[in-house]
Amino acid sequence: MIVYREHKEINKKKWDDCVNGSPEASVFALSFYLDAVADNWSGLVLDDYEAVFPIVSGSKYRIRYIYQPFFTRYFGVFSKVKQGTFNTDTFLNAIPDKFRYMEFCLHEKSNITLKELDVKERKYQLLGLNLSYEDLYKSYSENAKRSIKKAVKEGFVVKEGIDPKLVVDLFRNTKGQELEVFSPADYKKLLKLMDAFAKDGNAVCPGVYSKEGELVAAGFFMRYGNRYVFLKSGVTDIGKAKGAMHLLFDNFIRNHSNASVLLDFGGSSVESVARFYKNFGAKDCVYLQVKKNRLPGLLNWIKSLKR
């Protein structure tokens, strides 16, 4: 039986054991990760944590809704038992009626057939690093190779193990200024998340410096199992122009080549961003974004006016 459980009712050890034992295991569904990125999360639980389904929710004008929080890509069903008597549809149908609107993403192994959902494909990029660096380099685009050479010629150098706060500050002062979607609280959550991975030794945090000692690019990779997930980065205008981010990724790939690990670029359905990741030989992986709207008619009308 699938039961909805509020956050305070969830046994986090059993929850994490289920996620970790699932073939679809994802760092985004672990309890500590959800604690870091969400002010309020709950979940659907099958029997004695044989399968779980994370839910992150909020409330506005007394309307409860489900959303995908920043710094996560997707959720979905995570099960340590073979899916026979249940599937993703079963869990979606078990979401309580109190949630009047939902818009979130499901991992790439999700298979849904519900007609009342608005479903859209989204993509992220993935690269296996089990080959030699020389073989991986052969799959780079000519543009990537030129940019790396440009960065080296400029005198850029990569330093490992920089303070995660430098990454957050660089992102906040560059791309973050353009996006204007992250609040001060969001940046605190991001740093809290990075610090947790760094403390446990499951992080790679490189910075690219100019010959004058200026930080021109920085990135943060978090490790979960055999996968490194690229979480966030920042790059200055000079770093962008002179190939600093190409050098940063090339350095990561070089250092982790010949290993049975995956580089998860964090991904994007934005063509220009996806193209940048594909410059290193990464391939698209498809996952699903689902939306369901059960808002009252007047609220739907107001919502349409704000678009």
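This report walks through one buried serine and a handful of salt bridges in a predicted model.

**Ser110 and its surroundings**

Let's start with Ser110, which sits in the loop that links strand E6 (99-106) to strand E7 (118-128). Is this loop residue buried or exposed? Ser110 has a relative accessible area of 10%, so it counts as buried, the cut-off being under 20%. Its side chain has a polar partner: the backbone oxygen of His107, at 2.9 Å. Looking past the neighbours within four places in sequence, you'll find Ser110 in contact with Thr88 and Leu288.

**Salt bridges**

Now for the charged pairs. The salt-bridge count for the model comes to 15. Three of the pairs are set out here, with the N to O distance and the accessibility of each partner.

| Pair | N to O distance | Relative accessibility of each partner |
|---|---|---|
| Lys14 and Asp48 | 2.9 Å | Lys14 34%, Asp48 48% |
| Lys145 and Glu142 | 3.7 Å | Lys145 15%, Glu142 51% |
| Asp284 and Lys278 | 2.8 Å | Asp284 32%, Lys278 31% |

Take the Lys14 and Asp48 bridge, with its 2.9 Å between N and O. What does this pair tie together? Lys14 belongs to helix H1 (residues 12-20), while Asp48 is in the loop between strand E2 (41-46) and strand E3 (51-60), so the bridge ties together parts that lie 34 residues apart in sequence. Lys14 counts as partly exposed, and Asp48 is partly exposed too.

The Lys145 and Glu142 pair stays within one element: both residues are in helix H5 (residues 142-153), three residues apart, which is about one turn of the helix. Their closest N and O atoms are 3.7 Å apart, and a salt bridge here needs a distance within 4 Å, so the pair qualifies. How do the partners sit with respect to the surface? Lys145, at 15%, is buried because that value is under 20%. Glu142, at 51%, is exposed because that value is over 50%.

That leaves Asp284 and Lys278, whose side chains meet at 2.8 Å, N to O. Asp284 is partly exposed at 32%, and Lys278 is partly exposed at 31%. Elsewhere, Arg73, Arg227 and Asp264 are joined into one network by salt bridges that share partners.

Methods. Residues are numbered from 1 along each chain as its sequence is written. This is a predicted model: local features need pLDDT of at least 70, side-chain atom pairs count only at pLDDT 80 or more; totals for chains, interfaces and linings use all residues. Side-chain values use heavy atoms; hydrogens and water are left out. Helices (H or I, at least four residues) and strands (E, at least two) are DSSP runs, numbered from the N terminus. Buried means under 20% relative accessible area, exposed over 50%, partly exposed in between (1.4 Å probe, protein chains only). A polar contact is a pair of N or O atoms within 3.5 Å; within protein, one must be able to donate a hydrogen and the other to accept it, and residues adjacent in sequence count only if both atoms are side-chain atoms. Contact means heavy atoms within 4.5 Å.
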